Amino acid sequence: MTRRLLIGGGAGLSGAALVTALLAMGRGDTSGTLTRPGGGVPFPSLVDRARALITGGAADPGDEDYATALGSLSDAATVFWDSMDRGEGRAVLWPDLGPVGDPAGFNTAYHRLLRLALAWATPGADQYGDGALADDVTDALAFLHREAFNADAERTGNWYWWEIGSPGALMRACVLLYDQIPTAHLAHYLDTVDRWCPDADVRLTAPEESETGANRADKAAILALRGIIGGDADKLRLARDGLSDAANGGEHSLFRTVEEGDGFHPDGSFVQHGSVPYTGAYGTGLLDSVGLAVALLDGSAGEVDDPDLPVLFDTVERAFAPFMEDGLLMDCVRGRSIARPGTRDFHQAVDLVSAVLQLAEAAPEDYRGRWSALVKGWIERSAEDLPYFGRAGVAGIRRVKAVLADASVEAAPRLDGTRVFAGMDRLVVRRPGWSWALSMSSNRVAAYESGNGENLRGWYTGDGMSYLYLPEDPVQFSDEFWPTADPYRLPGTTVDTRARVPRTDAEGAVHLPPNDVAGGAVLADRHAVAAMDLMAEGSSLRAKKAWFVLGDAITALGADITAYDGRSVQTTVEHRNRHADGDRRITVDGVAPAGDGDLATVIEGARWAHLPGVAGYVFPSGSPGLRVAREARSGAWNDIEQGPTTGGGDTEPRTRWYATLWYDHGISPTGAAYAYTLLPKASEEATAAWAADPAATVLANTATVQAVASEPLGLVAAHFWQAGEAGGLACDGPASVLVQRTDEGIAVAVADPGRTAETVTIELPHAAAELIEADDTVTAVPGDRPQLTVAVGGSRGATHTARLR
């Protein structure tokens, strides 16, 4: 089950007070009189609303759009019900979960019971309204309460199981089975939630710290459900206040941006666990939880009226849409969840679509219109391999069907632009026919996360890994990439080939490298420079890495690659999943090796290479040490995923073919370098033509400056590691700089991705008579060699722009 299905809430008057309230209003009688002070929606109606939000309401099993969802729900319920121990003397509910008191086990048990309750409450499911199932689930809830999860239990293991996972599943099950659970039992469950999730602001294991981001959102949703079930207006207000962090003056409000750490940053970055880019996992969970809470609280004592709510609305287009590749959500912002076979990139895309449309119900019309257009485009362009209706639940399907049927909604086109997300060291390039993303890391942003037995080989995913997405090959990363790919040869990375083992608990789940520089600058939402000062984990390896997005070409440079550990160092240009039966051809300088079996060779001095249907690769100065491989690789999900919360991965071997291009810099290199240009979707002929007459040339590739120029674009782009000059462009300190001269004038973009300078001064290679437009951080001295001084201090890696003529 996804995180979206695991969140949930509860309600809660305690003990006798709850019993009195429920008896007074008649549980299940929607004519009850218990309402919020001053009028509003009756609590029984709020229960009905909550149930409808969770189930999605009635669905026609004959409608093929719903058939898969209902069939999957019914099948899962059948398996869980048949395998559940229902005997009076049972010691466990499911034998595969181990002792009932194990928190990982009872957390999973609650989620299975939620699935059973969902099947019972969903019209169209095989188990809908089955009295025997309802009895078995209510008995099982009582068993778990008595034997494992209650207000008097002693916490062990992961805090999440106690404070979010189990309470969330329990409260959702209570909503679904509201009329079936004995009143006294319900009172105990609400007492349990009061003990373990008393406030969205509080984590019991760290009471001196406030909850943030998705965890705060999940707890607020739990409190909203708890208030509804228990008929407690104070709990509804507590849920509302938790969303806005009223207790701390809004410091951790989910409707405000943050300058560091967990939450949404002003540039659209989303971070969880202090330093991990998590837009595509915790971020989608936050959006869903907030949307659920707002919908639940509408018209109640806890109705959300925070004036900053539009800040959250803005994240749909600012934070999520750039990473939504139609039917999938990019892996570069999914943290350790990339290793979970049950939550792949297309699963997360389904969750995001459902969360966006749920939130739309509380959003103003202009937001709803734009979001509907986005969703319609995403769904209509999703490949047949990624069917939304085959993955979503009933509620999500209902919302999408309404959008698709609305003739007034015109599908939004694919995004076309370039963005640097300085708050999480990410670069995203979107074009009509392809997308490319880059994952970097620094002493602010984790290189990878591998806690709880998950993502055991994600060591290099933040060391400059690049992701090329093609609509013609949408399952590049979801088709068993993570268990079968070579973790030492991820595209774009430079690695020491030392043998690696997963991080230990003593080392912690997150690796923060010591480097300052990671990030870059963007010009005209089209061109970009990004740089990373690689300081490898557990190795002496150091390298200066930079990437240049000039129009539709991406040039990667590496300089000062140095190590002294006595091991080989390699830079991977491409490691492409060619699937079980994909095109295995590789062409180098117009020559294609014979056959389609294993291939491993060294090609000295190659000028270009080509993978049909993927891209061309041009090596500007030849490529000493270029290696080419074609091989079948095998692996199992359990090799990288053994988490107790997720159930781990299976041990069944998967096999996929890979085409790999890489540089071998030798053993303990000193001052090694590389250069290559990626031409996404270029034909073999176009690649050869580019190699013969390149539209971009390397100006410098040293430890001082790395720079590229494009004469057709009138563009010079550079990353200065220190004061230096390239192509007539000079800078007095570290900075990423782009300068473009066109008929309209000279456009400049500058950023300090290392965040170490207060000001930088650049000297332009073109004469200019005046400054016509600039950010208020930029001052200029026009002339034959104009000088711009940029106040970059405190801007957190943001891009500063100016125009001259």
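Two strands are treated as paired when DSSP finds at least two bridges between them. On that basis, this predicted model contains an open sheet of five strands, ordered E11-E17-E23-E22-E19 and paired in the antiparallel sense. Strand E11 (494–496) and strand E19 (599–603) form the edges of this sheet; each has a single partner strand, so one side of each is left without a neighbour in the sheet. From one strand to the next, the twist averages 35°.

Within the five-stranded sheet, strand E22 (residues 626–635) and strand E23 (residues 654–667) run antiparallel and are joined by 10 bridges. Arg 630 has Ala 659 of E23 as its bridge partner.

A further open sheet has four strands in the order E6-E7-E8-E10, again with antiparallel pairing. Its edge strands are E6 (417–421) and E10 (465–469), each of which pairs on one side only. Neighbouring strands in this sheet are turned by 10° against each other on average, with direction ignored. Strand E8 (residues 434–439) pairs with E10 over five bridges in the antiparallel sense. Ala 437 has Tyr 467 of E10 as its bridge partner.

The strand pairs described above are set out below.

| Strand pair | Sense | Bridges |
|---|---|---|
| E22 (residues 626–635) and E23 (residues 654–667) | antiparallel | 10 bridges |
| E8 (residues 434–439) and E10 | antiparallel | five bridges |

Edge strand E6 also takes part in a pocket. The second largest pocket has a volume of about 590 Å³ and is lined by 29 residues. Asp 267, Val 420, Ala 422, Gly 423 and Ala 798 are the lining residues that lie nearest the centre of the pocket. The elements contributing two or more residues to the lining of this pocket are E6 and strand E13 (518–523). By character, the lining residues divide into nine nonpolar, 11 polar and nine charged.

One residue is considered individually. Val 510 is found in strand E12 (residues 510–511). Is Val 510 buried or exposed? Its relative accessible area is 24%, and Val 510 is therefore partly exposed, since buried means under 20% and exposed over 50%. Leaving aside residues up to four places away in sequence, Val 510 touches Ser 275, Val 276, Ala 446, Tyr 448, Glu 449 and Arg 503. Val 445 lies 65 residues from Val 510 along the chain, and the C-alpha atoms of these two residues are separated by 9.6 Å.

Definitions and conventions. Residues numbered from 1 in each chain as written. Predicted model: local features only at pLDDT ≥ 70, side-chain atom pairs only at ≥ 80, totals over all residues. Heavy atoms only, no water. Axes fitted to C-alpha atoms, helices over the stretch in contact; angles between N-to-C directions. 1 Å grid on protein atoms, 1.4 Å probe; cavity = no way out; pocket = protein on both sides within 12 Å on 5 of 7 lines; lining within 4 Å. Points joined across faces, edges and corners; volume = space filled by probe spheres on them. Nonpolar A, V, L, I, M, F, W, Y, C, P; charged D, E, K, R; others polar. Buried < 20%, exposed > 50% of the residue type's maximum accessible area, 1.4 Å probe, protein only. Contact = heavy atoms within 4.5 Å.
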